[in-house]
Amino acid sequence: MTPSARIQAAIELLDAIIAAARDGGPAADTLIARYFKERRYAGSRDRRAVRDHVYDAIRRAAERPDTGRVAMIGLTQDQPALAALFDGSPHAPLPIEPGEAGALACAVPGWLRPLLAAPVEQDALLGRAPVDLRVNRLRATPAQVAPLLPDATAISGLPDALRLPEGWPVEQHPAWQDGLVEVQDAGSQWIAAACVAQPGMTVVDLCAGAGGKTLALAAAMAGQGRLIAADTIRSRLARLEPRAERAGATFIDTLLLDQSHEARGLAHLQEQADVVLVDAPCSGTGTWRRNPEARWRLTPARLDRLVAEQARILDFAAPLVRPGGLLVYATCALVDREGRDQVAAFLDRHEGWIAEPIDLPVGRAHGGGLLLTPGHDGSDGFYFARLRRQA
């Protein structure tokens, strides 16, 4: 592919990504993979260059552009040399017309900016994310793993965490293949630590998804006790089984719940759990470093639906906790409505609960919980709170 043809390919991909973001279609990575599967002539350098163009354009524009061409013309403002590649040659985009507008550069959509928690450093939300690992104590110790990964560095305060440079191909390494490490952002590891799960406990991960935090809880429990991973989406839970087998966490039980009728499926666990983790569906504003296109998918109406769903999940999670037990609420979001305000509303609705301080060497106290941000903590953005049911 010529350099100009790479620009045209990026425009075509951005058109597809913009449409998918508008209509709830596949993620950008999926669309990129499909695009090149149908174009075998594109070499590895072509694929890498086109992907870089696409993500550079996505990162610089918080507001969803109308077209891929608008997005790429906007990118020429940051990378002026690209403008000459709009030359109208075969397989190239048409020349940029005088006064033809490109997408504006900004980090946060204008409507969302005032809703972010006040301490959030907005310029840091789109930095490149490293590869964070959690050493799996069911298989190995950090001392055993560290020599296998000489490029890794320790993460202060997290004894089982290691950090590799962005893009490091960890899943090709035997340490991952043998279950010695799991890919897990430091923020997620801090949330698992806040659960203070212990061997012999009954622990419920209520929105388990593919089970990243479930596996961290399994390691903290040393494989002893009862650990239940629940979700309403079968395909997500199905991804946990091979991960758990690789990690040696074979004592995990999975529980598929019926959407909107979760309480019925959880009735047998009422007042049984020492810890319930609610890692709730959220806006994903804390994960923009890894998923910048999420900004193009989020709307005020979708945020309203997410906030209502978070409250509903908290309400059917609470009865599962035994007197004296913990409900840990977490979101990978930096919007106060999803974090600080959601916790305050829960405490208003439910008597006999308190938000207790979380003694961790990370984050900033915010309302009843802790706020982690990329700019302050070097992790993805999270809000989490530890709620104690009084005995």
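In this predicted model, the backbone nitrogen of Ala28 sits 2.6 Å from a polar atom belonging to the Glu293 side chain. Glu293 itself is found in the loop that runs between strand β8 (273-279) and helix α11 (294-297). Its relative accessibility is 3%, so Glu293 counts as buried, the cut-off for that class being under 20%. Once neighbours within four places in sequence are set aside, the residues in contact with Glu293 are Ile17, Ala27, Ala28, Asp29 and Ile58. Ala28 thus appears both in this contact list and as the backbone partner of the Glu293 side chain.

One of those contacts, Ile58, leads on to a helix pair. Helix α3 spans residues 44-60 and helix α4 spans residues 68-76. The two pack with their axes 9 Å apart and at an angle of about 85°, which makes α3 roughly perpendicular to α4, since angles of 65 to 115 degrees fall in that class. On the α3 side, the residues that meet α4 are His53, Asp56, Ala57 and Arg60; on the α4 side, they are Ala71, Met72, Gly74 and Leu75. Sorted by class, this contact between α3 and α4 comprises four nonpolar, two polar and two charged residues.

It is also helpful to look at the annotated domain. The UniProt record, an unreviewed entry, places the feature "domain: SAM-dependent MTase RsmB/NOP-type" at residues 112-390. Over residues 112-390, helix makes up 29% of the chain and strand 25%, while the C-alpha atoms at the two ends are 36 Å apart.

Definitions and conventions: Residues are numbered from 1 along each chain as its sequence is written. This is a predicted model: local features need pLDDT of at least 70, side-chain atom pairs count only at pLDDT 80 or more; totals for chains, interfaces and linings use all residues. Side-chain values use heavy atoms; hydrogens and water are left out. Helices (H or I, at least four residues) and strands (E, at least two) are DSSP runs, numbered from the N terminus. Buried means under 20% relative accessible area, exposed over 50%, partly exposed in between (1.4 Å probe, protein chains only). A polar contact is a pair of N or O atoms within 3.5 Å; within protein, one must be able to donate a hydrogen and the other to accept it, and residues adjacent in sequence count only if both atoms are side-chain atoms. Contact means heavy atoms within 4.5 Å. UniProt positions are given in the numbering used here, feature names are shortened, and annotations may be inferred rather than shown by experiment. Axes are lines fitted to C-alpha atoms, for helices over the stretch in contact, and angles run from 0 to 180 degrees between N-to-C directions. Angles under 35 degrees count as roughly parallel, over 145 as roughly antiparallel, 65 to 115 as roughly perpendicular and the rest as oblique. Ala, Val, Leu, Ile, Met, Phe, Trp, Tyr, Cys and Pro count as nonpolar, Asp, Glu, Lys and Arg as charged, and the others, Gly among them, as polar.
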